[in-house]
Structure formats: structure tokens, C-alpha cells
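Hi everyone, thanks for making time today. I'd like to walk you through a structure that is new to most of us.

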Amino acid sequence: MPRAPFITFEGVEGAGKTTLARRLVEWLSGQGVPVLLTREPGGSELGKHLRPLILHQPLDAYAELFLLLADRRQHTLQVIEPALQQGTWVVSDRYADSTLVYQGYGRGLSLELVRQLNAIATNGLQPDLTVLIDLPVEDALARANDPNRFEAETIEFHQRIRTGYLQEAAIAPERYAILDGQATPETILERLQAIIRERFP
Ligand code: TYD
């Protein structure tokens, strides 16, 4: 049996990823599709312990990178791959692109290094579809409501995140779908449903 689809959600803080991912999963389940909703950081058993450290503990950029990668490796091997192999769709609120963009474009670590380490952390797994919710950083941050070290970063940091995502989407247009985060939640969901129907008939 070919493995089930793996879909990831990406975007800046406050873009509305979490709500949209939840609504996608409700819609898929309603159609009888077996689906698992998960997230990073924190999707693995190890990650439950790492998440508060990553979000709140002052960390050097490489230390932050290594904690995120440790969570991703465990998450991929213990949660995502077994589900996909059983035929369960997996929807993850953030995955490897978050590290490329936040630790690479945002913190300034080498993109090449982050790509190489991500290849190990993901065990080579690539999302079949990455949904990027894009909107101006000011609008997104005005809606963000989960105080953590990343939200407290400068506007320039968040601009680099937005630009980084758009550049990555331009490099891999067959994997990315960009949704306008300023549209109404209903419109965004409808557009996403159309994309899912088209890509996974
Ligand atoms: P998340 O809980 O998804 O927060 P939000 O809902 O605000 O997007 O993610 C927490 C933070 O962790 C988020 O600000 C981005 C950051 N992060 C990275 O910097 N690198 C990563 O690889 C991941 C997965 C998250």
C-alpha cells in the first residue's frame, strides 16, 4: 500500500495555521478519511518536554536548532511515519520548513547546513503538500496571542520569516500552496479544500 498523504502548515505567528489545520482535519474526518493532527515543536514524547524549553528558555541559536531537530527526528520516526504507513493521513502544524526559515533566514544560520540536518531529522520524509498562509507581518502579529521567545522578536526578524517562506515556496512550487491569510476563514478553508481535492483525488 502506498503511504498516505503528509500535509504541513507553515507561516508566521498569528497567520491562522492552527485553526486552519484543525478545520482541515475535521473536514477530512467528516468524509471518513483517517487522519492524525500533530504539531512541532512538541509532537513527540520527547517534544512534550522540549517544547517549553524551546519556547521560553533563552537559547543559543545552535542549541535551539539541535533541540528542534531532536524533536523532529523522534516525531518523524515514532509518530508520523508509522501513521502514514498504516494509511492514516498526517497533518502537521509546522515541520522542517519552519527550521529552515526561522533558524536559517531568521537567526542567520547556514541554509545549507539546516537543509542537511533537516534531511537527517526527517529521515528523508518530505511533505506531499505544504500549505503556506501568507499575510503582512504586522497583520499577523496583531493576531498572535501566545507570548514566547519568537513572538517577542523584532519586526525585521518576522519580515525575514515571511520572505524566507516565499522564497522557499518559489523554489518548490509543486509542493507549496500559498493561501492569502487576509481572506475570511471560510474563503481560506474553501480554497484549501479545492487544493486538496485537486491534489489527492
Ligand atoms: P507554534 O506553537 O506553532 O506557534 P505559533 O502558533 O505562534 O506559530 O510554534 C512555536 C514557535 O516555534 C514559533 O514561533 C516558531 C518556532 N519554531 C522555530 O523557530 N523553528 C522550528 O523548527 C519550529 C517547528 C518552530
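I'll start with the overall fold and then step inside to look at a cavity.

One thing to keep in mind: this is a predicted model. Let's begin with the secondary structure, which comes to eight helices and five strands. If you trace the chain from the N terminus, the elements run β-α-β-α-α-β-α-α-β-α-α-β-α. The radius of gyration is 16 Å, close to the 17 Å that the globule rule gives for 201 residues, so the protein is as compact as a globular protein of that length. Along the principal axes, the C-alpha atoms fill a box of roughly 45 × 35 × 30 Å.

How is the chain packed? Of the 201 residues, 52% count as buried. Take the contacts between residues at least 6 apart in sequence: 79% of them join residues at least 24 apart. On the outside, the accessible surface comes to about 9,300 Å², and 55% of that belongs to carbon and sulfur atoms.

Now for the inside. How many cavities of 30 Å³ or more does a search of the whole structure find? The search finds one, and its volume is about 30 Å³.

And which residues line this cavity? They are Gly11, Val12, Leu132, Ile133, Asp134, Leu135, Arg162 and Tyr165. By class, that gives five nonpolar, one polar and two charged residues. Two elements, β4 (129-134) and α7 (155-171), each supply at least two residues of the lining. The largest share, three residues, comes from β4.

That's my tour, and I'm happy to go back to any part of it.

How values were computed
Residues numbered from 1 in each chain as written. Predicted model: local features only at pLDDT ≥ 70, side-chain atom pairs only at ≥ 80, totals over all residues. Heavy atoms only, no water. 1 Å grid on protein atoms, 1.4 Å probe; cavity = no way out; pocket = protein on both sides within 12 Å on 5 of 7 lines; lining within 4 Å. Points joined across faces, edges and corners; volume = space filled by probe spheres on them. Helix = DSSP H or I, 4+ residues; strand = E, 2+ residues; numbered from the N terminus. Nonpolar A, V, L, I, M, F, W, Y, C, P; charged D, E, K, R; others polar. Rg over C-alpha atoms; globule rule 2.2 N^0.38 Å. Buried < 20%, exposed > 50% of the residue type's maximum accessible area, 1.4 Å probe, protein only. Contact = heavy atoms within 4.5 Å. Areas by Shrake-Rupley, 256 points an atom, 1.4 Å probe, with all protein chains shown as cover.
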